[in-house]
Amino acid sequence: MKAIVQNLKLYLFDMDGTLYIGEKLFDFTADLLAAIKERGASYMFITNNSAKSVSDYVKKLKRLGIDADESEFFTSSQATAYYLKKHLPAARLYVCGTRSLKEELEREGFTVTDRLDEVDCIVMGNDTELTFQKLHDVSKLLLTRKDIPYIATNPDYVCPTEFGSVPDCGSFCDMLYNVAKRRPIVIGKPEPLMPMLAMERAGCTPEQTAVIGDRIYTDIKSGLNAGAVTMLVMSGETTPEILSQSPDKPDLVLADAGELLPCLKP
């Protein structure tokens with residue numbers, strides 16, 4: 001493991017299940033982030049959770065005792081905005097997501113509307129403010145406008161909490177599949193877009209970059225798709241049974257990200 005770490009210049013961390021659970025920061029997190037900077041390397045936080053904006057995450061980490069800058073984040077919301085600017089730059093969006101997601105897309109220049117006759121594209125997120133009206137509206141759009149672009153910020157079925165899990169964007173999309181038999185274009189992990197954008201920002205190659213997370217089907221798969229070094233931590237969702245049955249294998253399996261600390265010392 002130390003030989004792998006010696007070559008790394010950029011660490012891309014998932015957050016929930018990797019650096020904290022819910023509102024509980026793991027004991028090693030502050031020391032680990034400090035050690036990475038002491039080595040002259042850098043890190044970024046990449047998360048599929050589109051319920052919070054980047055500024056929300058900065059505030060959360062501050063609350064947990066970690067000082068972070070907005071430039072150290074790549075979220076599925078940002079990746080979705082990047083995709084939309086490239087493929088649907090003038091689209092008017094119906095957003096089944098939180099107020100934070102809507103505001104983030106509006107800041108990127110998009111019009112967000114609840115008027116169904118004005119909608120050019122549906123965006124599904126991890127909607128912690130979900131209402132039946134939103135599900136009703138998206139169902140109507142999918143059923144009455146068969147070709148409308150349909151985007152999901154992330155495929156996660158659950159979001160971890162201190163007591164277990166709650167439904168995430170992938171579960172909401174499954175409900176809508178039962179209605180309309182349509183699957184969205186998925187933007188976040190396991191797609192390689194977030195790691196690739198982070199590497200571009202940091203000026204690092206895939207060989208110099210590690211993707212660290214607790215889920216094989218999102219975190220590890222995105223790292224594999226981006227050609228980066230992958231590190232699975234067993235501090236979140238993945239169990240030994242899930243790991244053994246998965247066709248996608250990480251480069252390293254760690255009990256938690258704190259196991260990296262000895263390798264970061266000179």
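At what angle do helix α4 and helix α5 pack, and how far apart are their axes? Load this predicted model and find out.

**Stop 1: α4 and α5**

Select residues 76–87 for α4 and residues 99–107 for α5. The two helices pack at an angle of about 40 degrees, and their axes are 10 Å apart. Angles from 35 up to 65 degrees fall between roughly parallel and roughly perpendicular, so α4 and α5 are oblique to each other. Their crossing is right-handed. Now show side chains. From α4, the contact uses Ser77, Gln78, Ala81 and Leu84. From α5, Leu101, Glu104 and Leu105 take part.

**Stop 2: α4 and α8**

Keep α4 on screen and add α8, residues 193–202. Here the angle is about 90 degrees, with the axes 10 Å apart. The pair is therefore roughly perpendicular. Pick out Ser76, Ala79 and Tyr82 on α4. They make the contact with Leu193, Met194 and Leu197 of α8.

**Stop 3: α3**

Next, select residues 54–64, helix α3. Which of its residues are buried? Colour Val54, Tyr57, Val58, Lys60, Leu61 and Leu64. These buried residues cover an arc of only 165 degrees around the axis, which puts them on the same side of α3. An α-helix has 3.6 residues a turn, so residues three or four places apart point the same way.

Turn to the other side of α3. Lys59, Lys62 and Arg63 are exposed there. Lys60, by contrast, is on the buried list.

What do the buried residues of α3 pack against? Display the strands β2 (20–21), β3, β4 (42–47) and β5 (73–75). Add the helices α4 and α5, which are also packing partners. Then step just past the end of α3 to Gly65, where phi is positive, about 105 degrees.

**Stop 4: Leu25**

Go to strand β3, residues 24–25, and centre on Leu25. Is Leu25 buried or exposed? Its relative accessible area is 18%. Buried means under 20%, so Leu25 is buried. Show its contacts beyond four places in sequence: Leu19, Tyr20, Leu64 and Ile66. Leu64 is one of the buried residues of α3.

For a sense of scale, draw a distance from Leu25 to Val112. They are 87 residues apart in sequence and 34 Å apart in space, C-alpha to C-alpha.

**Stop 5: α7**

Select residues 169–180, the twelve residues of helix α7. At 1.5 Å a residue, α7 should span 16 Å. Its end C-alpha atoms are 16 Å apart, which agrees.

Now highlight the buried residues of α7: Cys169, Gly170, Phe172, Cys173, Leu176 and Ala180. They cover an arc of only 155 degrees around the axis, so they lie on the same side of α7. What covers them? The cover includes β8 (121–124), α6 (132–144), β9 (150–152) and β11 (164–167). Just after α7, select Lys181, which takes a positive phi of about 55 degrees.

**Stop 6: α6 and α7**

Finish with α6 beside α7. Their axes come within 10 Å and cross at roughly 45 degrees. That makes α6 oblique to α7. This crossing is right-handed. On the α6 side, select Leu135, Val138, Ser139, Leu142 and Leu143. They meet Met175, Leu176, Val179 and Ala180 in α7. Leu176 and Ala180 are also among the buried residues of α7.

Note on methods: Residues are numbered from 1 along each chain as its sequence is written. This is a predicted model: local features need pLDDT of at least 70, side-chain atom pairs count only at pLDDT 80 or more; totals for chains, interfaces and linings use all residues. Side-chain values use heavy atoms; hydrogens and water are left out. Helices (H or I, at least four residues) and strands (E, at least two) are DSSP runs, numbered from the N terminus. The expected span of a helix is 1.5 Å times one less than its number of residues. Buried means under 20% relative accessible area, exposed over 50%, partly exposed in between (1.4 Å probe, protein chains only). The arc is that of the directions from the helix axis to the C-beta atoms. Contact means heavy atoms within 4.5 Å. Axes are lines fitted to C-alpha atoms, for helices over the stretch in contact, and angles run from 0 to 180 degrees between N-to-C directions. Angles under 35 degrees count as roughly parallel, over 145 as roughly antiparallel, 65 to 115 as roughly perpendicular and the rest as oblique. A crossing is left-handed if the near helix is turned anticlockwise from the far one by less than a right angle, and right-handed if clockwise.
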